Amino acid sequence: QVQLVESGGGLVQAGGSLRLSCAASGLTFSSYTMGWFRQAPGKERELVAAYTWSGVTKYYTDSEKGRFTISRDNAKNTVYLSMDSLKPEDTAVYYCAAQLYSSNSYNYWGQGTQVTVSS
């Protein structure tokens, strides 16, 4: 049974930092691209960053570039999202997801972790 468990969310003041973690189990972690998504109230879920199974990092929204960093530790089956200079508009539920290298969509999802940035 595949499980993705996020942690590290919370309440932080604008300008602060958080580091989210996503621990995966039940899958061959190194064969998966790992992505971080977020969904703000009233908005669609959006892909923020991904770390491919082949070692490439990708960032999908201009506002996060330079502030967010995705990393992974295949030995620990964990993917991270470090977030600096947080803004109130970063407030959202953050989800990690796993996409098998041969798939064209994300196969597994975590339950999400809330990030709230106060002004």
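Strand E9 (residues 92-100) and strand E11 run antiparallel and are joined by 3 bridges, where strands are DSSP runs of at least two residues (E), numbered from the N terminus, and two of them pair if DSSP finds at least two bridges between them. Within this pairing, Tyr94 stands opposite Thr113 in E11. The coordinates are those of a predicted model, in which local features need pLDDT of at least 70 and side-chain atom pairs count only at pLDDT 80 or more, while totals for chains, interfaces and linings use all residues. Residues are numbered from 1 along each chain as its sequence is written, and side-chain values use heavy atoms, with hydrogens and water left out.

**Strand E11 and its partners**

Strand E11 also pairs with strand E2 (residues 10-13), here in the parallel sense and over 4 bridges, with Ser118 of E11 as the bridge partner of Gln13. In a regular strand the side chains alternate between the two faces of the sheet. Along E11 (residues 113-118), Thr113, Val115 and Val117 point to one face and are buried, whereas Gln114, Thr116 and Ser118 point to the other face and are not; buried means under 20% relative accessible area, exposed over 50%, and partly exposed in between, with a 1.4 Å probe and protein chains only.

**The four-stranded sheet**

An open sheet is formed by 4 strands in the order E1-E3-E8-E7, with antiparallel pairing. Strand E1 (3-7) and E7 stand at the edges with a single partner strand each, so one side of each is left without a neighbour in the sheet. Neighbouring strands of this sheet are turned by 15° against each other on average, direction ignored, the axes being lines fitted to C-alpha atoms (for helices over the stretch in contact) and the angles running from 0 to 180 degrees between N-to-C directions. Strand E3 (residues 18-25) is paired with E8 in the antiparallel sense over 6 bridges, and Tyr80 in E8 is the bridge partner of Ser21.

Ser82 also has its place in strand E8. Leaving aside residues up to four places away in sequence, Ser82 touches Leu18, Arg19, Arg67, Phe68 and Thr69, contact meaning heavy atoms within 4.5 Å. Ser82 and Leu100 are 18 residues apart in sequence and 23 Å apart in space, C-alpha to C-alpha.

**Loop residues with positive phi**

Two residues that are not glycines have a positive phi, as listed here with their loops and accessibility.

| Residue | Phi | Loop | Relative accessible area |
|---|---|---|---|
| Asn77 | about 55° | between E7 (68-73) and E8 (78-83) | 23%, partly exposed |
| Ser85 | about 50° | between E8 and E9 | 40%, partly exposed |

**Aromatic rings and a charge**

A search of the whole structure finds 5 aromatic pairs, a pair being rings of Phe, Tyr and Trp (its six-membered ring) with centres within 6.5 Å, stacked if the planes are under 30 degrees apart, edge-to-face if over 60, and tilted for the rest. Among them is the tilted pair of Tyr32 and Tyr108, at 6.2 Å centre to centre and with 50° between the planes. Tyr32 lies in strand E4 (residues 32-39) and Tyr108 in strand E10 (residues 108-109), so the pair ties together parts that are 76 residues apart in sequence. Tyr32 is buried, with a relative accessible area of 8%, whereas Tyr108 is partly exposed at 32%.

Phe37, Tyr106 and Trp109 form one aromatic cluster. The charged end of Arg45 sits over the ring of Trp109, 3.9 Å from its centre, and also over the ring of Tyr95, 5.6 Å from its centre; the criterion is NZ of Lys or CZ of Arg within 6 Å of the ring centre and within 35 degrees of the ring normal.
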